[in-house]
Amino acid sequence: MNRSVIITLALIISLICAYYLSFTYRARVIQADIKAKSTNKQGVLDTKKRQKMIDSLWNKPVSSFLGIEYTYKQIKDYELALGLDLQGGMHATLEVSPVEILRALAGNTTDAKFNEAIKQAEVAQKTSNDNFVNLFATAYEKISPNGSLANLFTNSSNKGKIDLKSSNSQVISVIKEEVSGAIDRSFDIIRTRIDKFGVTNPTIQKIPGTGRILVELPGVENPERVRKLLSGTAKLEFYEVYEGNELLASLEQLNSYLVKENAKNSTKKDAKEEIKKDTKDDLIGESGKKDTIKKSEDDLVAKKDTPKKEGDNLVAKKDTGKKDTTKDKTAKNDKKDAKKDSLSQASPIMQLLMPNYDGFAVKLTDTARVNELLSRDVVKNMFPSNLKLLWAVKADAKANTISLFTIKKGRGGKAPLDGSVITNAYKDFDQKQIAVSMQMNTTGARIWKRMTEQNLNKRIAIVLDNYVYSAPMVNGVIPNGSSQISGNFTIEEGNDLANVLKAGKLPAPTRIVEEATLGASLGGESITQGLNSMLLGLSLVVLFMILYYKTSGVIANLALLFNIFFIIGLLAGFHAVLTLAGLAGIVLTIGMSVDANVLIFERVKEELRNGKTLKEATDLGYEKAYSSIIDANITTFLIGVMLYAFGTGGIKGFALTLMIGIVSSVFTAVFITRAIIEFFEKRGNNISFNSFILNNAFVGSKLNFVNLRVKAYIFSGALIVIGAILWVVQGGFNLGVDFKGGRSYVVEFEKVVSLNETRAELVKNLGSVEVKTYNGDSKFKITTSYLTEDESDAGDKKVESQVLSSLKKFENAKPKIVSFSKVGATIADDIYKSSLWTIFWSLVSIFFYILLRFKRWQYSLAAVLALLHDVLIVFAGMTIARALGFSYEVDQVFIAAMLTVIGYSINDTVVVFDRIREFAGDTRESNFGAKLNSAINDTLSRTIMTSGTTLIVVAVLFFFGGQVLSGFSYALLVGIIIGTYSSIFIASPVVLDISTYLQRKKAIQLAAE
């Protein structure tokens, strides 16, 4: 029964994984086809043609499954996305500046104490984890102990929230609420900008409690454009709108132009062939069909008897909060006589611009074609000079169209009114339906009155960053700047519009405090190195398992293949992004996944030696190994949780891969292998657990590990002391950019150049600089703290200019920057502290889990002390390597390795503890030491074999994983060796020493009594 359940579950998981991975396969096939068609005979890729083909396919069904059609966009959304380090792109952490928000809330006051408090808060923020508003409040209280913040913040913008009677704590509470709202608005604005930018699989996340936003844009090739996109302040504007009949003559002229162009193009054979290839984007419709559809009586503007979408309505809002009685709920556009339609629905212009309430509806597949057409000078001249065509911010998902608005520019091409005049905006209710209310200052109210007076029964567009969010109908003159926008809003839409209007009230500029740009060529190298490492590691583990376990090793290898398939499939199912660190996690999982089988098989061999039949030995082996496997993997899973909770970017990818790998490993190693073994046993097939090599290695060992503990303590202490001395001599660790702040560049040369000469030239211009080879002699990684405090774009350009000017001596080698990263001093400090907290909470969680499982705090304390020992020795290993000329950076990736070491070390320790619990009994027994020693010897073969398989793949990662993972794999290499050593010589003996100390203390107390 259990076997049937396991087989069914494995089949279901396999189908799910195959389903999600099929999208990745299909996406790769389409991408290869697009690339082939976009490459000319000389092998040069035409990027514009490639983008055009992508646009034409984006919303077009390109695949189907069980009768369900999928567009190219959906396939790209479901595919297993590659991270920046595997395909190139840009990573940025943005910080919403609270200073400008505070100034705006205070009415841009010039109060000296206010400005001094701002300055002090900015200085304090560099070394504090507290939020800026609290730092400002503390600074202001010191500067003016009896000062009232209400005097500074009581103004029309904060009416109803802050008055002269408000306490300082109440004022701070309102400020925090406004700052939090500004962060949410900035997040929404940036998300919209990126969506319009057209990046596939972008990552946009708010980092909780920091006021920061994480953005990752794979594959972008213009970092400068992205910087402007991310850093620009939102621009809110109000425009008048052209009515459809006002542009009828221009549209007729455009239609005639297109008819002539199409007639000319249709005579060309190559144009006809192109039409057959691309039916979706052609101006004349489907598959080159001629204009044979009969004329329709539809007008470009809606007729009286034409049903229209009910639009948003704009009315005056009185100070009492009641609505103006002039409001007309049904928007009508029939006051002007519509001309007889001279344009048929089958004409070229009607194929592109379909009239709707907003102006025109355009098929999503035609937007690129419409943009290109309307950008032509000859077409621009057909329309009024003050016409501005703007897209709606959201598409109509049901109709698969998006609205194009016809906007009237004001004097000088500017908007008649901008968002700076808004003093408040909020979601409201109008006769039980959702509405949005807004107030304007005196200047805005005056202009608003004139605009609404001149546009009665017409629309005014609300535009943010050149996208139209709403275009409500004006139903009455609004004299006092207090307005209400009503319509068929959902709660979400009401909140969105209120947030858009608030973007004008409180501009919240963002600055890039952390940035990394990676070239596509480096991404390709990372993929090659990662895959090579994975394949080589897999091959070595497969070979080892066959040599050591024969038939059972083949079964374990089969489970290992299932495991890798499940991991990659589930990553795709979770819409995760596969990073280089994630590939490293898969490589590591290959080694760790056979650990469970080693534990089981060693138990089976032990039972066979005790005279059990194969069936009995198999049952007992799985049964007795189960608790050790679960305990060991849960502790490692806890490490993955901590990494995911506190890590960012690639570290989260590694953590997710690790967690999925652990769950998948337990399922495949414990349940699938058992189902396969039982399948063969029932058919009388002989399953061998013996070895071609090292058969019964370490079996029956009688080493006295307990008596060696003092020597082990001295050895470990000596390593830690040496590491500490070297740490002092070296002036600390070689911290990565993400821990100390600064800028880092990977520079590629076409020829090999001298490392020392390059360093000397860079030192002249940049002062303190570190230069080291990176994936070969023709690439250098240059790290500098020059202008670390200047986080602006100008600072980035200045440092980059200094780097390139320093390399002028090597112009013949054609130096080129292929990767760039920047971390501001403030965020570097935050990342560093977060990493330390991650280690701390990992140790705490392990302490309590061991306490829960083993019921005695002695085991928990011994385990944590052993883990702390491992951490210190790995750190010592970094300083020793540096003294020997191998400089590895201590950065976030290193911390991920450190935590993996903690997880792996506790894995081994739990296996030993489980055996101690099974046979050694109570720690208070007089012969506990001897039993403990016996337990260590009994588990020695398992400890060595499990560590050995993982060590194989980590060694492969170290030698073949590339420069990016060198520090990561070195820390793992040292950590696994030391973790195995500490499980035998430190953790278990410490349990004995603690127990002995407690017994002696108790004996002394009893004697004293």
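Across the whole structure, a search finds 37 aromatic pairs, and since this is a predicted model, the geometry described here is that of computed coordinates. One of these pairs joins F23 and Y70, whose ring centres lie 5.1 Å apart with planes at 80°, so the arrangement counts as edge-to-face. F23 belongs to helix α1 and Y70 to strand β2 (residues 68–71), so the contact ties together parts that are 47 residues apart in sequence. Both F23 and Y70 are buried, and they take part in one aromatic cluster together with Y19, Y20 and Y78.

A further ring pair is formed by F875 and F894, with centres 5.4 Å apart and planes at 55°; an angle over 60 degrees would be needed for edge-to-face, so this pair is classed as tilted. The two rings link distant parts of the chain, F875 lying in helix α28 (residues 857–883) and F894 in helix α29 (residues 892–919), 19 residues apart. F875 counts as buried at 17% relative accessibility, and F894 is buried as well, with a relative accessible area of 0%.

F894 also leads into the nonpolar interior. In soluble globular proteins, nonpolar side chains tend to be buried together. Here the largest nonpolar core has 131 residues, and F894 is listed with M545, F601, I902, F913 and F968 as having the most contacts inside it. Helix α32 (residues 966–1008) supplies the largest share of this core, 17 residues. Leaving aside residues up to four places away in sequence, F968 touches A584, F654, V893, A896, A897 and L957. A second, separate core of 44 residues includes V99, F132, A182 and F187.

Charged side chains provide another set of connections. Side chains of opposite charge can pair when their charged atoms come close. The count of salt bridges comes to 25. In one of them, E79 pairs with R28, the closest N and O atoms being 2.5 Å apart; E79 sits in the loop between α3 (72–78) and β3 (81–82), while R28 is in helix α1 (residues 2–37), so that the pair links distant parts of the chain, 51 residues apart. E79 counts as buried at 5% relative accessibility, whereas R28 is partly exposed, with a relative accessible area of 33%.

Helix α1 also holds a local pair, D33 and K37, whose side chains meet in a salt bridge at 3.4 Å, N to O. Because these residues are four residues apart in the helix, D33 and K37 are separated by about one helical turn. Both are partly exposed, D33 with a relative accessible area of 36% and K37 at 47% relative accessibility.

By way of contrast in sequence separation, D631 in helix α21 (residues 614–646) and R853 in helix α27 (residues 825–854) tie together parts that are 222 residues apart, through a salt bridge whose closest N and O atoms are 2.5 Å apart. D631 counts as buried at 1% relative accessibility, while R853, at 30%, counts as partly exposed. Elsewhere, salt bridges that share partners join K615, D619, R674 and E678 into one network.

Helix α16 (residues 442–454) allows a check of helical geometry: at 1.5 Å a residue, its 13 residues should span 18 Å, and its end C-alpha atoms are 19 Å apart, which agrees. At the start of α16, a side-chain oxygen of N441 reaches to within 3.3 Å of the backbone nitrogen of T443. Within the helix, G444, A445, I447, W448, M451 and T452 are buried.

Notes: Residues numbered from 1 in each chain as written. Predicted model: local features only at pLDDT ≥ 70, side-chain atom pairs only at ≥ 80, totals over all residues. Heavy atoms only, no water. Core = buried A, V, L, I, M, F, W, Y, C linked by side-chain atoms within 4.5 Å. Buried < 20%, exposed > 50% of the residue type's maximum accessible area, 1.4 Å probe, protein only. Helix = DSSP H or I, 4+ residues; strand = E, 2+ residues; numbered from the N terminus. Contact = heavy atoms within 4.5 Å. Expected span 1.5 Å × (residues − 1). Polar contact = N/O pair within 3.5 Å; in protein donor to acceptor, adjacent residues only side chain to side chain. Salt bridge = Lys/Arg side-chain N within 4 Å of Asp/Glu carboxyl O. Phe/Tyr/Trp six-rings, centres within 6.5 Å; stacked < 30°, edge-to-face > 60°.
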